[in-house]
Amino acid sequence: MLVDFIKENQLNLMLILSGICALLAVLTIATKSLSGRRRAILVLLELSSMALLIADRYAYIYRGNITETGYWMVRICNFLVYFLSMLDLALFTLYLADLCEHELGLYRIPVRLKVIMIIVCSSMVILCVSQFFGWFYTFDEQNRYHRTPLFTVWYLLPLLISALILTVIIQYNKRLKPLISLSLFLFAIVPMAASILQLFLYGLSLTNLSMVGMVILLYMFALFDLNDEVERANKRELALVNDEKERLQLVFSQTAEALANAIDAKDKYTHGHSRRVAWYSRKIAEAAGKSPEECQNIYFAALLHDVGKIGVPGNILNKEGRLTDEEFAAIKMHPVIGKQILSTISESPYLSVGAHYHHERYDGKGYPEGLKGEDIPDIARVIGVADAYDAMTSKRSYRDTMPQQIVREEFVKGIETQFDPDYALIMIDMMDHDTRYKMKERDEIKELGGDNELVCNEYRSVISEGIRVNERFTSISLNYEPHEGFSRETSIPSIVLFDSIDERVHETEAKIRQLQYFEYGEIRADGKVDFKNARNVQTEIRLKNSGMKPITNEKHLEISAVKYRDHALVRIDSDERTIEITIALPDSTRYLYLALTGENCTLFDVAIDRSRDAIDKDFIPRIAEEIDYIKNAPEGIVPNVQIEGARTAASRGIPFKKELTLTFFAKALETARLVWHCPYVLLYSSGDGSVDGPMYVEYACLRADGESTTEPDRVVNKTIVDRLDAFETWDLWKAKLKEGMECKATIKRSGRSFKVQTDIGGISVTHVMEIKGNIDNLYVALTGDQVVITDVRDHSNDH
């Protein structure tokens with residue numbers, strides 16, 4: 001069966017293999033990592049093999065063709081088949097000699113290889129002479145090829161040459177690399193075996209086909225061996241370099257990164273900026289579903305987006321004050337300069353596009369050309385989002401890294417004004433998943449010195465980072481030692497209780513305002529307290545009978561803290577006393593952080609632990625009335641709801657069939673500071689109608705600021721945000737929400753299709769949704785973040 005298949009398809013096989021040889025010849029020329037001599041031998045071997053198969057194919061095609069063309073084609077092609085098969089053996093012998101010299105380090109080439117070259121050259125001369133005497137083959141009147149009795153002598157010559165080659169390979173086999181050795185064995189043995197078979201299978205070109213196949217394997221194995229060698233030598237996690245395109249890509253990548261580093265080095269405030277923007281851009285592109293090639297292009301375009309800064313004077317880039325109009329105009333030229341530089345790379349036009357347009361804005365107010373919306377190239381819209389994010393999360397001469405919540409809010413505000421809405425939402429989602437705020441410029445901060453030690457001289461001269469306190473106990477164990485020459489009363493640790501967006505203590509007015517720093521008070525380890533912002537504080541000190549303890553300067557403290565809504569409890573346990581401080585906080589919405597500091601002492605061996613179990617509502621004794629923002633407020637069809645954190649409470653569910661129109665009064669709490677501190681609309685199903693009730697399935701959480709959360713497996717959602725005339729700025733919108741405003745939500749259903757529209761303070765948000773699967777017991781509820789919702793009314797019957 002196999003023989004019949006080869007006989008029927010051998011002309012096609014010859015064509016395919018000859019094409020492969022041509023392709024390999026091109027790839028070999030491009031493979032610069034091979035030595036020049038070996039590369040030349042391989043190229044000639046592949047071209048010779050290609051010509052051998054083409055000649056053999058045409059010899060078959062024109063066999064029996066008695067035209068003048070057929071007469072010459074048969075003779076020329078058969079001569080070439082004989083000649084080129086010998087040439088292949090000669091070139092392989094040269095390849096083996098090169099390996100002996102450069103791979104094995106032999107000073108003298110084996111004599112057998114020289115003998116082979118003499119035999120091959122002599123055979124070629126004899127073959128040329130035989131064309132005039134017909135020693136090895138003849139042609140009949142029908143222009144058909146016939147072997148002569150001397151053909152056997154010619155046939156034995158390649159077998160003899162292959163046998164001599166095989167002896168050399170066997171002798172040096174252990175010194176050759178495994179892949180190289182295998183390819184040499186195959187080249188010597190397979191054509192030899194095919195030649196023997198061809199004696200019994202006249203009409204098949206097994207010898208030529210097998211020889212060309214081994215030439216292909218010879219290149220492939222040489223390439224595989226080369227890749228293994230590169231990987232071992234460089235010890236990198238790289239894919240095997242199997243063609244020149246990958247090698248050029250690596251060179252391009254290294255060059256681009258080096259250039260990006262040089263650009264960032266010119267501006268002392270943008271160290272690592274280009275690399276971070278490139279990383280963010282690729283992540284955005286991947287989340288948007290772009291192809292690997294598109295993601296790679298976006299990465300490199302982002303890496304070089306600021307190349308135009310090469311043409312901006314360094315004194316302007318590094319200026320620590322406000323730029324003049326002329327200086328800002330010079331800065332604004334860097335996209336144009338970047339385009340001029342990168343447009344010379346014609347093979348990668350996307351590079352200049354990214355550099356030229358990354359400062360355009362979605363609303364058309366950017367530069368240098370003022371493009372708007374989707375007129376801005378897609379790659380530049382991605383880079384623009386990533387560039388703005390890194391600018392906000394990196395340190396500048398005039399400010400520190402911006403807190404994550406503020407950055408997120410800026411992106412919410414910038415949807416469809418500064419940013420492409422799709423890419424801005426992806427960036428917001430990346431921030432929401434970055435719960436530990438790792439996506440930012442890494443900078444040095446005041447913590448415990450990296451080795452759980454804090455050296456305090458003057459009071460509050462050094463303060464640790466904030467440690468979050470919530471409804472699960474936070475325990476801190478530490479030792480401290482008074483500094484020499486100071487009394488016990490003036491050498492003592494303290495803790496600061498506060499709230500801040502960046503979780504750090506701040507002293508300057510600018511920082512307090514910018515980061516909304518709010519300090520509750522201070523507690524010394526001896527029980528003295530100083531609270532400026534608390535409704536009430538109760539301190540209880542219980543002395544211990546310490547007995548006889550060794551005299552030492554080293555002291556030990558155990559600090560534990562817990563918070564439940566508007567009350568907190570701090571316990572400080574030392575060898576002499578236990579101190580319990582109960583604090584009634586001003587509100588229940590602010591966070592509570594605890595920072596370590598002290599005076600004339602060193603804190604060390606600090607260890608922090610957090611309990612897994614939350615306290616119940618009665619654990620902390622109440623020392624002040626519960627804060628109630630909805631007391632005496634008018635009530636509608638459902639009870640009013642006070643929401644002190646993200647979805648910490650929700651209204652009672654309102655059953656929904658086809659259409660529902662709700663109006664309600666919403667008022668943001670005094671502590672609300674972000675655009676998403678606003679009302680939300682929940683669309684869900686539940687067994688008893690309550691949020692998180694039995695068989696609860698949530699389809700959508702729709703926020704008044706235009707953001708939404710849906711289950712992609714259940715819901716297909718499209719959101720449209722319109723800013724009406726009543727909307728001025730986001731800051732004014734937040735301010736009006738703090739004063740309180742009337743809100744409206746309309747929900748319409750047609751089968752599985754839903755349209756939800758909210759109108760709040762000039763922001764009209766429309767959600768068009770398609771819900772998959774069965775929808776039973778559908779409800780609507782109102783929730784939010786740091787907001788109270790009162791006077792909920794159903795106006796569905798008004799239509």
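Here's a quick look at one strand, β25, and at the nonpolar cores of this model. Keep in mind that the model is predicted. Strand β25 covers residues 778-784, and 7 of its 7 residues are buried. As for the cores, the largest nonpolar one has 94 residues, and another one, of 64 residues, lies apart from it.

**Strand β25: its two faces**

- In a regular strand, side chains alternate between the two faces of the sheet.
- On one side of β25 you'll find Leu778, Val780, Leu782 and Gly784, all buried.
- Tyr779, Ala781 and Thr783 sit on the other side and are buried too, so both faces are covered.

**Strand β25: its partners**

- β18 (residues 679-685) runs antiparallel to β25, and the two pair over 7 bridges.
- Within that pairing, valine 681 stands opposite leucine 782 of β25.
- β16 (residues 654-655) also pairs with β25 in the antiparallel sense, over 2 bridges.
- Here isoleucine 654 has valine 780 of β25 as its bridge partner.

**The nonpolar cores**

- In the 94-residue core, the residues with the most contacts inside it are Ile284, Tyr389, Phe411, Met427, Phe664 and Trp733.
- Helix α15 (residues 378-392) gives the most to this core, putting in 8 residues.
- Take tyrosine 389: if you skip its neighbours within four places in sequence, its contacts are Tyr280, Val407, Phe411, Met427, Met431, Asp434, Tyr437 and Met439.
- The separate core of 64 residues includes Leu34, Tyr137, Ile169 and Val212.

Note on methods. Residues are numbered from 1 along each chain as its sequence is written. This is a predicted model: local features need pLDDT of at least 70, side-chain atom pairs count only at pLDDT 80 or more; totals for chains, interfaces and linings use all residues. Side-chain values use heavy atoms; hydrogens and water are left out. Buried means under 20% relative accessible area, exposed over 50%, partly exposed in between (1.4 Å probe, protein chains only). Helices (H or I, at least four residues) and strands (E, at least two) are DSSP runs, numbered from the N terminus. Two strands pair if DSSP finds at least two bridges between them. A nonpolar core is a set of buried Ala, Val, Leu, Ile, Met, Phe, Trp, Tyr and Cys residues joined through side-chain atoms within 4.5 Å. Contact means heavy atoms within 4.5 Å.
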